[in-house]
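Biologist: Could you take me through one part of this model with care, namely the surroundings of the ligand, and then follow the chain outward from there?

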Amino acid sequence: MSDILVLYYSRHGSTRRLAELIASGIDRVPGAQARLRTVPPVSTVCEATAPDIPADGPPYAELRDLRECIGLALGSPTRFGNMAAPMKYFLDGTIAEWLSGALSGKPACVFTSTGSLHGGQETTLLSMMLPLLHHGMLVMGLPYSEAGLMTTSGGGTPYGPSHHAMGDNSRAVSDDEAALAIAMGKRLAETALRLANTPGAR
Ligand SMILES: Cc1cc2nc3c(=O)[nH]c(=O)nc-3n(C[C@H](O)[C@H](O)[C@H](O)COP(=O)(O)O)c2cc1C
């Protein structure tokens, strides 16, 4: 089995729900399995420390997860039209992987959740692609052959899956949002396996 990393930050659970749906899409592809990981919150107080293991949910990511996996789905809530600081902080710690090209040639996708419908899903998704491009990753989106892109009245974009959660994160993931997240997971896994099984592709 080949692992595909689904790496996310989620404060209130909406991005986590999308991550789980993408993971279920990955797991539907024979030969692929999702490796779900999260990142810890960051503190503005440098002395503050937290336990190494989260109170619930998947473990925190280690850098070796990036090296070992054949593809990456990266998710963050939208914060002022951009990714949340904990995810950016984690990415800023990947200098060794950048220098060694550990991620170069691997496929990747991005996903997000927002409080408001037009509050920056696309800007967040596009900005999350930037560090992945610096790493040499092959960034993927969703094609309009996915019917949900035309019918959604919430999230779901060609730049990647998304969820409109409302200001209090009370809105459940819609059928279209879920279908697009699952489709993204399958598309990522199929591509990752093809690349991993093609000698010299990376
Ligand atoms: C500091 C901060 C900034 C935010 N900025 C935005 C924003 O720019 N646009 C938006 O629609 N929602 C914004 N939100 C709302 C979150 O994106 C939304 O609640 C999201 O669904 C949370 O995801 P989570 O449940 O995975 O933590 C912001 C929330 C916080 C705490």
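Modeller: In this predicted model, a good place to begin is G81, where a backbone N or O atom lies 3.1 Å from an oxygen atom of the ligand. A backbone N or O atom of R11 also faces a ligand oxygen, at a distance of 2.8 Å, while for S116 the N or O atom that lies 2.8 Å from an oxygen atom of the ligand belongs to the side chain. With the protein in place, 78% of the 650 Å² of accessible area that the ligand has on its own is covered. Two or more residues of the surrounding shell come from each of the elements α1 (14-27), β3 (72-79) and β5 (107-114), and of the elements it is β3 that contributes the most, with three residues.

Taken as a whole, the shell holds 18 residues, and the closest to the ligand are S10, T15, T78, G119 and N169. Sorted by character, the shell residues comprise 13 that are polar, three that are nonpolar and two that are charged.

N169, one of those closest residues, also deserves a look for its backbone, since its phi is near 55°, a positive value in a residue other than glycine. For context, most residues other than glycine have a negative phi. N169 sits in the loop between β7 and α7, and it counts as partly exposed because its relative accessibility is 28%, which falls between the 20% under which a residue is buried and the 50% over which it is exposed. M166 is placed in the loop between β7 (162-164) and α7 (175-196) as well, and M166 likewise has a positive phi, of about 75°, although it is not a glycine. With a relative accessibility of 37%, M166 is therefore also classed as partly exposed.

From β7 one can move on to helix α5, which spans residues 121-134 and in which Q121, T124, L125, S127, M128, M129 and L132 are buried. The spacing of several of these residues can be read with the helix repeat in mind: an α-helix has 3.6 residues a turn, so residues three or four places apart point the same way. The buried residues of α5 pack against β3, β4 (82-83), β5, β6 (138-139) and β7. Two of these strands, β3 and β5, are also among the elements that give two or more residues to the shell around the ligand. Just after α5 comes G136, with a positive phi of about 80°.

Notes: Residues are numbered from 1 along each chain as its sequence is written. This is a predicted model: local features need pLDDT of at least 70, side-chain atom pairs count only at pLDDT 80 or more; totals for chains, interfaces and linings use all residues. Side-chain values use heavy atoms; hydrogens and water are left out. A residue is near a molecule or strand if one of its heavy atoms lies within 4 Å of it. A polar contact is a pair of N or O atoms within 3.5 Å; within protein, one must be able to donate a hydrogen and the other to accept it, and residues adjacent in sequence count only if both atoms are side-chain atoms. Accessible areas come from the Shrake-Rupley method with a 1.4 Å probe; for residues, only the protein chains shown count as cover. Helices (H or I, at least four residues) and strands (E, at least two) are DSSP runs, numbered from the N terminus. Ala, Val, Leu, Ile, Met, Phe, Trp, Tyr, Cys and Pro count as nonpolar, Asp, Glu, Lys and Arg as charged, and the others, Gly among them, as polar. Buried means under 20% relative accessible area, exposed over 50%, partly exposed in between (1.4 Å probe, protein chains only). Contact means heavy atoms within 4.5 Å.
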